[in-house]
Structures are given as structure tokens and as C-alpha cells.
Amino acid sequence: MVECPLCNNIVKNLHKKSHLIPEWMYEKCYYNSHKLLSANLKSGYIREIQKGFYDQIICPGCESESQIYDRYASLILYQKKSSVYKKIKRKTNKKNMNGIILNYSFWENIDFLKFQKFVFACVLRMHLSERKRKKSLFSEKHFKIMRKIYKSDTIIDDEIYPIIVKKSPDDDEYLNRVVLPYQRKIRGHNVIEFYGAGYTFWVFVSNHKKPDFVELLCLKKKGDLYLSINYFEDTGTFKALLNSNFKKDFKKYRDKKGR
Ligand SMILES: [Zn+2]
């Protein structure tokens, strides 16, 4: 018997293959050989992955619960023909923020709890996977608070761990990329970032007052969200990739494989 670190229930076995991020976020990333190339920015390694990103981290009950939220996110972000997708009001516009012209899409009618739980589930699963390897995305204290919010249907809080979503334009050449949740600093704040299906997600995990732009753009409990529209090349993640040895290594890998 084993304790599930997410719901604390004692179960016979943890689910064998929990998605770290849902499959729809990287279904366009497979190469012709139906494999993914996985690169780790920190250690600089590249390897092939046959079937996606899984780990044995949570119980079967928590796994099926998280699939509800993963599915909701796929409907509103990705499946343009679904009735749930059409329920979201979307308006694209420009905004002048201190002299910087920001292209953005303003969305209304998002199911706040479901969408927040989708984002938190990705972050919590990755944290638990990292924890197995004696690493972490954030402290145990934040893990416990985020887990409590995730597991509750009565705590409705859009301030403690604000969520920012950015959208890549439809012609972005990096749409077929995925970045698993990892920790980075944005203006001195700890932020967990991940990327997939053309969306960048940021979750601010810190005790300090968040920057003004976060308060303005983040997902609100009434279901509003400002998504700034940026090419992946203009993001900090891409710049970090350029600064790493990754680009050179990737080329080496491709040449070796004759791709
Ligand atoms: Zn569980």
C-alpha cells in the first residue's frame, strides 16, 4: 500500500502512467518516426521519447480527476469546433502599456476553477515527478498550499498563485514545441513556466506582491483572461535556449540521425 501525495489516500498502487502535461499539448510534436525529441535545458541532453511524458506519481483517482481539467483546457484552447470552445468570448486588440504596444486577446466566460486546476495539475504533477528525483519546482510549503487549493471546490482564489497565459500567433514556426514545467525567475519572482500547443503558461509561486502587469493580465475568478500574443522567439524561454549549447547539440543530433 502506498500514500498518494496529492490526495493523501492510501491506495494499492499509484497510477502507472500519469501524464506530466496532457497529450494534446504535444500531439503535433511527433516526428515522422512517431518519436519526440526531448532536450533538457539545464543538463543539455537530448534523447528520443517514444510515447510522451509520463511518470508514476499519483493515484488512479487523482489521475482520472485531472483528466477532466486537461480535457476542459483542450476544449477551450485547442478544439476550435467544440461547443465549449465557442462559449468563450474572444476579442483581439492592441493595448498601450507604458509606451509598449501589446497585442492581446481578451477572453471571457472561462470556467475559472476548471482552468486553474488544469494549470495547477500540470505544475503539481511535474513537481511530484521532480521530487522523486530529489529535485523540486518549489518548496514543500507552496506545494501544500497549491495542493489544498487544487483539491478544494470552495477555495476560489485568483491572487495567491496568479496564472498568465500567452498565445503564439497561428503562423509561429515554433508551434510544434513543448516545454515541460520548469522554474525560472521573472523580475525576481519564482515562476513555473510551461509551453505547448502554442500557449505559454506562467504560474507565479512566491510570497511577494506580484508585478502590476500580473495583476492586470492574470486569470480572474470571474473568468476573464488577457492573453498577450507573442512569437516564441520573443520569449525568455527561447532566449535561454539560444544562450545554451542546446542549438549546437540539436544540430549534431539531427545530422547524426540524417534528418
Ligand atoms: Zn490521489
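Me: Before we look at helix α1, what makes a residue buried, exposed or partly exposed?
Reply: A residue is buried if 20 or more other C-beta atoms lie within 10 Å of its own, and exposed if 12 or fewer do. The C-beta atoms are placed from the backbone, and whatever falls in between is called partly exposed.

Me: Good, and what kind of model is this?
Reply: Residues are numbered from 1 along each chain as its sequence is written. Local features need pLDDT of at least 70, side-chain atom pairs count only at pLDDT 80 or more, and totals for chains, interfaces and linings use all residues, since this is a predicted model.

Me: Which elements do the buried residues of α1 pack against?
Reply: Helices (H or I, at least four residues) and strands (E, at least two) are DSSP runs, numbered from the N terminus. The buried residues of α1 include Cys62, Tyr69 and Leu77. Contact here means C-beta atoms, placed from the backbone, within 7 Å. The partners are β3 (18-19), α2 (83-87), α3 and β12 (199-204).

Me: How far does α1 reach from its first C-alpha to its last?
Reply: Helix α1 covers residues 60-77, which is 18 residues. The expected span is 1.5 Å times one less than the number of residues. For α1 the expected value is 26 Å, and the helix comes close to it, reaching 26 Å.

Me: Which helix gives the most to the largest nonpolar core?
Reply: A nonpolar core is a set of buried Ala, Val, Leu, Ile, Met, Phe, Trp, Tyr and Cys residues joined through C-beta atoms within 7 Å. The largest one has 56 residues, and Val119, Cys122 and Val123 are among those that touch the most other members. With 10 residues, the top contributor to this core is α3.

Me: In β13, which residue is the bridge partner of Trp107?
Reply: Two strands pair if DSSP finds at least two bridges between them. Strands β8 (residues 100-108) and β13 (residues 225-229) run antiparallel, joined by 4 bridges. The partner of Trp107 is Leu225.

Me: And which residue in β13 stands opposite Lys166?
Reply: Strand β9 (residues 163-167) pairs with β13 in the parallel sense over 2 bridges. Opposite Lys166 stands Ser228.

Me: Why does Asn109 count as exposed?
Reply: Asn109 sits in the loop between β8 and α3. Its phi is positive, about 75°, although Asn109 is not a glycine. Asn109 counts as exposed because its C-beta neighbours inside 10 Å number 12.

Definitions and conventions:
Two residues are in contact if their C-beta atoms, placed from the backbone, lie within 7 Å.
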